Amino acid sequence: MANQPTPMMQQYLALKREAGDALLFYRMGDFFELFFDDAKVASGVLDIALTSRGEHGGDKVPMCGVPVHAAEGYLARLIKAGCRVAIAEQVETPEEAKARAKREGLPSSKALVARDIVRFVTAGTLTEEALLEPRRANLLVTVAPVRDGIGLAACDISTGRMELEECAPPALDAALARLGASEVVGPDDWDNAPSGTIARPRSDFRSDDGEARLKAIHGLATLDGLGTFTRPMLAAAAGLVAYLEHAGRGNLPFLLPPVARGSGAHLAMDAATRASLEILEAQGGGRAGSLIACVDRCVTGAGARQLADDLSAPLADRDAIEARLAAVHHFHADPLLRADLRAVLRQAPDIGRALGRLVAGRGSPRDLGQIRDGLSEARRVRDMLSASPDLPGLFQSMIGALGGHAALVDHLARALVPSPPTERQQGGFIAAGYDHALDALRETSGNARRAIAALEAKYREETGTPSLKIKHNKVLGYFIEVPAKHGDKLMAADSGFTHRQTMAGAVRFNSLGLHEEASRIAEAGGHALAAEEAHFEELVGEVVAAREAIAATAAALARIDVSAALAERAAEGDWCRPEVLDEPRLEVTGGRHPVVEQALARGGERFVANDCSLRFDDRLWLIGGPNMGGKSTFLRQNALILLLAQAGSYVPAASARVGIADRLFSRVGASDNLARGRSTFMVEMVETAAILSQATERSFVILDEVGRGTSTFDGMALAWAVVEAVHEQLRCRCLFATHYHELSRLADSCEALSLHHVRAREWKGDLVLLHELAVGAADRSYGLDVARLAGVPQPVLKRARAVLDKLEKARAETGGIAAGLGDLPLFAASVQAEEPRRDGLRETLEAIDIDSLTPREALERLYELKAEASSTKH
């Protein structure tokens, strides 16, 4: 018969059932232990030894463990690997367990310490400083489909920021790409849920529950004062609160009142565009080489997170953009103020995340110190801005949020030591002079060394034993130790000493005086710790009561840091303030690609700037020229200039007039999608289809080498049709790079299309790429020249030249592969033309394999054909 599980293993298995698919961290003394498959997964991810213990059903139990004091580091690695972790803590002491066993009539040896899951640690519910990236927001997003709309609730629980929005189903992928969530949660009955969505019960996503929970959390009778929230938004909010309660085992983290995000308030970009433009992450992975790495000059983590949010969701409202630009201009025009203010901000702690930990019940004395110091720096920032003339409206609206904390700062300054510790169990964080009773307790406890030393000297003199010492360990506490040869002297009945332990070369004793002194010291120390804990809870209560005002201060500091950082970047790179227009145009003089320019500068090279002028009557530029000539860079730099301008930043150009776009599309490259099982050409067509179906007249589109992934004839035909569709139907601003010289004929029929090329010259047999944009069609592609630069062997180049000469001769004789295309009707006319009628009966007959039919099947098919013929009669 199989062995029965031990009581401890029974307890573990019950908790594991509760943990579900999360790894269970089971607290055993100073370690978190993992068993069975959890241990196998964790040992692989963490690269720690996998061992085994005991018997379970006759089998050894795989296990591994991590020290409690180092658990955060291991948790970080598990979360990064995509794991979810349930923390099972001991919820009673061994003494309490024994007392409970006694009440239940069980022997004390059967007393198993009770444990319970106190928290689920998931990628979207982190608050610990060690588990979070300082310069990146950590968003949890819940998604709720309701009728024809989808609600999204996004929350960074480390700071409490919460936003609700609604989008149409086709726009969901773009919304999730913008948010960049660490974790996405949705209802379990949703068949079309995004990949990787964590399923939760549909009952968690009721809009009525969402409204009721938000009212209860924020103590409101109505949500009208916060904004207009639709049913899908409230359903998503309900799912968010329910998931946070599940993760926190009934304890909610810090949540600020939700903000409604309008669907048209921001520049829309899909995931492909974001990846192509490398906004927050380079295509090779990581931050290095991305736009934000190039732009970010923020001196605070909160500022860097705000900048990332600005670049992910540029504005589409002119007044809001101008308000940000005015703030950047204020610092750009006053370098001294900018330098002084950035020096102050550099000292400011991340009070937003410190506040989040305190409200969530995971705070430390250090977090209280950060609140104190951060609010003090905020007051200095306020004074500096108040003294600055012509303060922009954006900063004027923040002046109030930067102050108003004088009483709290004063209280924290009096209560806390200058550098509070991260742990509060050992005390030592309440300042001397704040609590006189605590000071007295500390003095009693702190005088232990002197008191014990005096007692030691007294006993030496009384016993005539100079080698007598008073020592301390965790098992015995304080004790008296003498060499074995002096032990008999203290063993006497009237000596006043009590024997405790005999060692090989020493004997240990206790005494009434030592016991009283040790008790007094221990009691004073315990009372001191209890007093500090009470003060900690009181101070946390004050901070929590002011949480919304403190969060507003944190948000103001982040926005000021972003403005000053963008001004710093503009001064450093000689960027200009863009003129923002409502009309659809893009006029850039001396534009540069910020990331490429920075990379070239590191190597001592200069970036070649180029102009761009798109307006309604010249809105589509067809750009040719050789590979490596700068076509793709030119396309991307103009997209980034528009993005930066709408984010409220200066731009890398001599001058820029930017018409606000509603959507930005970039079809450049597809390597990142190949692993998903799609060919390069399929990815290209999917992205091109999205552009053709979603772009409007206010959009800005960049298209690079559409059609290159298939045969020459198919590719050119597709490129031709796409150019016509963009020109005739979308009528939006577009930069279209191509190698198909034949497309230049479209300039004859498309009045808003103009031809351009990147210049190249041959010098003494070598190709020189000038990286300059010029008007007119490219005379040739220089493909063989670029191949030579790349190191293609000379025999291959020679053969390619012979083949090219033959092809060009044939093209000259026949009029080229584009011969006759000029006679085709334009796209707008062709889409209205009726497609040729299909002869379905003939197609069906041709598809039949007569020789393989049985007589019965042949008769059945004959009846079917007759019925089909009858249905097609007029």
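Visitor: Which residue follows α6, and is its phi positive or negative?
Guide: In this predicted model, helix α6 covers residues 207-218. The residue that comes after α6 has a phi that is positive, near 60°, and that residue is G219.

Visitor: How far apart are the end C-alpha atoms of helix α6, and what span should its 12 residues have?
Guide: The reasoning starts from a rise of 1.5 Å a residue, and because the expected span is 1.5 Å times one less than the number of residues, the 12 residues of α6 should span 16 Å. The end C-alpha atoms agree with that expectation, since the distance between them is 17 Å.

Visitor: Where around the axis of α6 do its buried residues lie, and which residues are exposed on the other side?
Guide: The buried residues of α6 are S207, G210, L214 and H218. They cover an arc of only 50° around the axis, and therefore they sit on the same side of α6. On the other side of this helix, the exposed residues are D208 and A216.

Visitor: What covers the buried residues of α6?
Guide: Buried here means under 20% relative accessible area, and S207, G210, L214 and H218 of α6 are buried. The cover over these residues includes β9 (161-167), α7 (231-247) and α21 (547-573).

Visitor: Is A327 buried or exposed, and which residues is A327 in contact with beyond its neighbours within four places in sequence?
Guide: A327 has its place in helix α11, which runs over residues 318-332, and because its relative accessibility is 0%, A327 counts as buried. The C-alpha atom of A327 is separated by 8.2 Å from that of A564, although these two residues are 237 residues apart along the chain. Leaving aside neighbours within four places in sequence, the contacts of A327 are P392, L394, F395 and S563.

Visitor: Is E456 buried or exposed?
Guide: E456 belongs to helix α18, residues 448-463, and apart from its neighbours within four places in sequence, E456 is in contact with L468, K469 and I470. Its relative accessible area is 18%, and because buried means under 20%, E456 counts as buried.

Visitor: Is Y863 buried or exposed, and which residues form a nonpolar patch with Y863?
Guide: Y863 lies in helix α30, made of residues 855-871. Because exposed means over 50% relative accessible area, the value of 59% makes Y863 exposed. The nonpolar patch on the surface has about 360 Å² of accessible area together, and the residues that form it with Y863 are L859 and L862.

Conventions. Residues numbered from 1 in each chain as written. Predicted model: local features only at pLDDT ≥ 70, side-chain atom pairs only at ≥ 80, totals over all residues. Heavy atoms only, no water. Patch = residues over 30% accessible without salt bridge, like charges linked within 9 Å, V, L, I, M, F, W, Y side chains within 5 Å. Areas by Shrake-Rupley, 256 points an atom, 1.4 Å probe, with all protein chains shown as cover. Salt bridge = Lys/Arg side-chain N within 4 Å of Asp/Glu carboxyl O. Helix = DSSP H or I, 4+ residues; strand = E, 2+ residues; numbered from the N terminus. Buried < 20%, exposed > 50% of the residue type's maximum accessible area, 1.4 Å probe, protein only. Arc of directions from axis to C-beta. Contact = heavy atoms within 4.5 Å.
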